[in-house]
Amino acid sequence: MTHLSGAPARRHLLLGLACSAVFCAALPVLAQDYPNKPVELVVSAAAGGGTDAVARTFSEAARTHFSQPIVVVNKPGAASSIGFTDVALSKKDGYKMGVISVNLAILPALNLTKVTVEDYSFIARLNNDPSAITVAADAPWKSIEEFLAAAKQAPEKIRVGNAGTGDAWHVAALALEEKTGTRFTHIPYQGGNPAVLSLLGGHLDAVTVSPGEVAQHVAAGKLRVLAVMADARMPGLFANTPTLKERGIDLTVGAWRGLVVPKGTPDEVVAKLRTMARAAAAEPAFRETLERANLGYSYAEGDLFLKQILADREMFKGILAKIDVKK
């Protein structure tokens, strides 16, 4: 082994310190330069559904608050796990964000994904929706009581669509079974919108997706919402739709959506994204567009968003312990 001493050793030491200083100085410079190219926004669901609508509405609202475009990219499949994983494993440079949903609080408990809450830094919550039990307008059931009575009379005859096995809307239907002693046949799709289209086509008897994902078809007289899994009635189009609690069924299941980046993204970049998200979410057009689509506007800062996710993770563990999600 060669040992350096005297002037050569000092030169190597100074060179090493200089390189370290240049490297360390480069990090804030990169953050200061951010963003210098478009940012990808990964949606872990198919185009046309509620999650996709929230992402595209946000991307439009962010245009005047961000120096680069935010480009929405759909990566559906495996009840959101494909898109979640893509974002979690991406470069920690702020050029790939994800729209995560309540599925992040569910899938790890079912061993359906290895991605967890701890794999992300949280930017903001944008939206929160209850599950809506929806049937065709010409279905024989005019109330949630008639629907559940039919399910009890003929177990597994009623086909209920969801946005994927282990998805929040799947868990909502399973929880309804557990609460009411009913049994459905559960049909998974790669997102809420394909399930709704299948219901419109007569291939399903019901879906348990968000009100926003069925709103236009309800307004057109093609579908009917029997009940929502919320603590209180929704305004507007669904003002006359009862909650399950009103009908004596103590069950509230909803889905939130928000923005994340991979854990380890520089603090300066996260701060810039949070500032942008706060301004975009405050745009009147953003809120109005969500409300017109019956997608519940519900903004929260990243830290509060994370707190809710951790609480929901514990809540869903309790529900999942009582039901068989593999049905």
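This is a guided tour of a predicted model, moving from the whole chain to its strands, its cavity, its pocket and one helix residue.

**The whole chain**

Begin with the entire chain displayed as a C-alpha trace, which spans about 90 × 45 × 30 Å along its principal axes, and colour it by secondary structure to bring out ten helices and eleven strands. Of the 327 residues in the chain, 51% are buried, and among the contacts with a separation of 6 or more, 76% are between residues 24 or more positions apart.

Next, colour by confidence: the mean pLDDT of the chain is 89, with 91% of the residues reaching 70 or more. Select residues 1-5, where the pLDDT is below 50 and where the model has two contacts beyond near neighbours in sequence; then select residues 17-27, where the pLDDT is also below 50 and the corresponding number of contacts is zero. Where pLDDT is low, the predicted coordinates should not be read in detail.

**Strand S3 and its partners**

Select residues 96-101, which form strand S3, and show the side chains. Which residues of S3 are buried on each of its faces? Lys-96, Gly-98 and Ile-100 are buried on one side, and Met-97, Val-99 and Ser-101 are buried on the other, leaving both faces covered.

Add strand S1, residues 39-43, which pairs with S3 in the parallel sense over four bridges; one place to centre the view is Glu-40, whose bridge partner in S3 is Lys-96. Then add strand S10, residues 254-262, which runs antiparallel to S3 and is joined to it by four bridges, with Arg-257 of S10 as the bridge partner of Ser-101.

**The cavity**

Keep S3 and S10 on screen, and add helix H5 (168-180), since the next stop involves these elements. The count of cavities of 30 Å³ or more comes to one, and the largest cavity has a volume of about 190 Å³. S3, H5 and S10 are the elements that give two or more residues to its lining. To find the centre of this cavity, select Thr-51, Ser-80, Asn-103, Ala-163 and Asp-167, which lie nearest to it among the 21 lining residues. By residue type, the lining of the largest cavity divides into nine nonpolar, nine polar and three charged residues.

**The largest pocket**

Now select Asn-128, Pro-130, Met-229, Thr-252 and Gly-254, which of the 18 residues lining the largest pocket lie nearest its centre. The space in this pocket is about 280 Å³. Strand S4 (120-130), strand S10 and helix H10 (302-320) each supply at least two residues of the lining, and H10 makes the largest contribution, with four residues. Ten of the lining residues are nonpolar, four are polar and four are charged.

From S4, move to strand S11, residues 297-301, which runs antiparallel to S4 and is joined to it by three bridges; in S11, Glu-301 is the bridge partner of Ala-124. Display the side chains of S11 and compare its two faces: Ser-298 and Ala-300 belong to the covered face, whereas Tyr-297, Tyr-299 and Glu-301 belong to the uncovered one. In a regular strand the side chains alternate between the two faces of the sheet.

**Thr-289 in helix H9**

For the last stop, select Thr-289, which lies in helix H9, residues 284-292. Thr-289 is partly exposed, because its relative accessible area is 27%, and that value falls between the 20% and 50% cut-offs. Add Phe-58, which is 231 residues away along the chain, and note that the C-alpha atoms of Thr-289 and Phe-58 are separated by 9.7 Å.

Terms used
Residues numbered from 1 in each chain as written. Predicted model: local features only at pLDDT ≥ 70, side-chain atom pairs only at ≥ 80, totals over all residues. Heavy atoms only, no water. 1 Å grid on protein atoms, 1.4 Å probe; cavity = no way out; pocket = protein on both sides within 12 Å on 5 of 7 lines; lining within 4 Å. Points joined across faces, edges and corners; volume = space filled by probe spheres on them. Nonpolar A, V, L, I, M, F, W, Y, C, P; charged D, E, K, R; others polar. pLDDT = per-residue confidence, 0-100. Contact = heavy atoms within 4.5 Å. Buried < 20%, exposed > 50% of the residue type's maximum accessible area, 1.4 Å probe, protein only. Pairing = 2+ DSSP bridges.
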